[in-house]
Amino acid sequence: MDTPEFLTILGNLRRNTSNGVRAPHKPLLLLYALARLKDGQERIRYRDAASILPTLIRTYGPVGTRARASDPFVRLRSDGIWSLDAHSSIFDASGQGRPAAMADADTLGGFTTGVLELLHQQPALIDQAVRRILDTNFPASLHEDIAAAVGLDLEGTGSARRDPRFRDAVLRAYLCECAVCRFQLRCGDGLVGLEAAHLRWHAFGGGSDIANGLSLCVLHHRLFDLGVLTLTLDGRVEVSRSISGPSARGLFDLDGAPVLTPIDPAFRPGPQNVEWHRRQVFRG
């Protein structure tokens, strides 16, 4: 296996979906495996992956997603970069992994010999692989959090490429205010803490047109990409009931509030983009 082939596979992972809903299981397991490889660990114990992966899946996957580490631990073999040290007893009749049996057998998994040789020859390729996985599966606002959760440091790994005109166009359309809380702050001639969010994520075919954008402050952008906030089709804020804590009260005060929209109707959030976010991201 060579570098282009490996990166192509990472960018085109076979995603198991249920009714068209995204499944982040494989990308999250691969990020965990790359982090362990940086620490010198070539094989991963299923029990170790099972202690962290379900929480990651529940946090960064759609609500209701089956959060089992056994699914990607076994299914990644179909992508040609993953192998298992396993006895046939860990599989059920359909060839899926049996979680209890995998834990009892102390099943090991990891990159194939060919991939390991490639990564040992080119240590910098690990960082490229991390970026490829993040860029093709998650919005940029969540990259740092996901990397930290699996034990990776993104510093020095490069930045995701985005259309530089997207942010400026979206912020201008919203008169440089957060569409949710109307936050606006300038320092000199520059805006502070205001970003352009994608309704339909760039990693899942979201375009860089203004109708796929939303002007949000840093806090509400992060919450929007985590699925804590979404829009209704009639242009209001909807807050997920999955949150708790003292600060949740302030968020719930926003529930049902009208969203700031551009004056030009052509720039307002596209219904298909809103539907995608509600189905694929919102934790309703």
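**Close-up views of a predicted model**

**View 1. Phenylalanine 138 sits in the loop between H7 and helix H8 (143-150).** Welcome to the first close-up, taken, like those that follow, from a predicted model. Is phenylalanine 138 buried or exposed? Its relative accessibility is 1%, and a residue under 20% counts as buried, so phenylalanine 138 is buried. If you zoom out from here to serine 247, you follow the chain for 109 residues, and the C-alpha atoms of phenylalanine 138 and serine 247 turn out to be separated by 25 Å.

**View 2. Helix H1 packs with helix H7.** Helix H1 covers residues 3-11 and helix H7 covers residues 124-135. Their axes are 9 Å apart and meet at an angle of about 25°. Angles under 35 degrees count as roughly parallel, so H1 is roughly parallel to H7. As for handedness, the crossing in which H1 passes H7 is right-handed.

**View 3. Leucine 30 belongs to helix H2.** How much of leucine 30 is accessible? The relative accessible area of this residue is 0%, so leucine 30 is buried. Look across to isoleucine 133 while you are here: the C-alpha atoms of leucine 30 and isoleucine 133 lie 8.1 Å apart in space, although 103 residues separate the two in sequence.

**View 4. A salt bridge joins aspartate 79 and lysine 26.** The closest N and O atoms of this pair are 2.7 Å apart. Which parts of the chain does the pair link? Aspartate 79 is in the loop between helix H4 (70-75) and strand E2 (82-85), whereas lysine 26 is in helix H2 (residues 25-38), so distant parts of the chain, 53 residues apart, are linked here. Aspartate 79 and lysine 26 are both buried. For the wider setting, the structure holds 12 salt bridges. As a reminder, side chains of opposite charge can pair when their charged atoms come close.

**View 5. Arginine 66 and aspartate 71 form a salt bridge.** Here the closest N and O atoms are 3.2 Å apart. The two partners fall into separate accessibility classes: arginine 66, at 44% relative accessibility, counts as partly exposed, while aspartate 71, at 5%, counts as buried.

**View 6. Arginine 241 is paired with aspartate 255 in a salt bridge.** Their closest N and O atoms are 3.2 Å apart. Arginine 241 lies in the loop between strand E9 (237-239) and helix H11 (248-252), and aspartate 255 in the loop between H11 and helix H12 (271-280), so the salt bridge ties together parts that are 14 residues apart in sequence. Arginine 241 counts as exposed, with 59% relative accessibility. Aspartate 255, at 29%, counts as partly exposed.

**View 7. Salt bridges link Arg45, Arg47 and Asp106 in a network.** Begin with arginine 45, which is placed in strand E1 (residues 44-45). At 37% relative accessibility, arginine 45 counts as partly exposed. Serine 141 makes a useful landmark: this residue is 96 residues from arginine 45 along the chain, and their C-alpha atoms are separated by 30 Å. Now turn to aspartate 106, found in the loop between helix H5 (99-104) and strand E3 (108-111). Aspartate 106 is also partly exposed, its relative accessible area being 25%. Do check the backbone here, where phi of aspartate 106 is near 50°, a positive value in a residue other than glycine.

**View 8. Cysteine 176 has a positive phi in the loop between H9 and E4.** What is the phi value of cysteine 176? It is near 60°, in a residue other than glycine. With a relative accessible area of 14%, cysteine 176 is buried.

**View 9. Phe183, Leu185 and Val192 form a nonpolar patch on the surface.** Together, these residues have about 220 Å² of accessible area. Phenylalanine 183 lies in the loop between helix H9 (164-173) and strand E4 (186-187). Why does phenylalanine 183 count as partly exposed? Its relative accessible area is 32%, and partly exposed residues lie between the 20% and 50% limits, so phenylalanine 183 falls into that class.

Technical notes: Residues numbered from 1 in each chain as written. Predicted model: local features only at pLDDT ≥ 70, side-chain atom pairs only at ≥ 80, totals over all residues. Heavy atoms only, no water. Patch = residues over 30% accessible without salt bridge, like charges linked within 9 Å, V, L, I, M, F, W, Y side chains within 5 Å. Areas by Shrake-Rupley, 256 points an atom, 1.4 Å probe, with all protein chains shown as cover. Salt bridge = Lys/Arg side-chain N within 4 Å of Asp/Glu carboxyl O. Helix = DSSP H or I, 4+ residues; strand = E, 2+ residues; numbered from the N terminus. Buried < 20%, exposed > 50% of the residue type's maximum accessible area, 1.4 Å probe, protein only. Axes fitted to C-alpha atoms, helices over the stretch in contact; angles between N-to-C directions. Parallel < 35°, antiparallel > 145°, perpendicular 65-115°, else oblique. Left-handed = near helix turned anticlockwise from the far one by under 90°.
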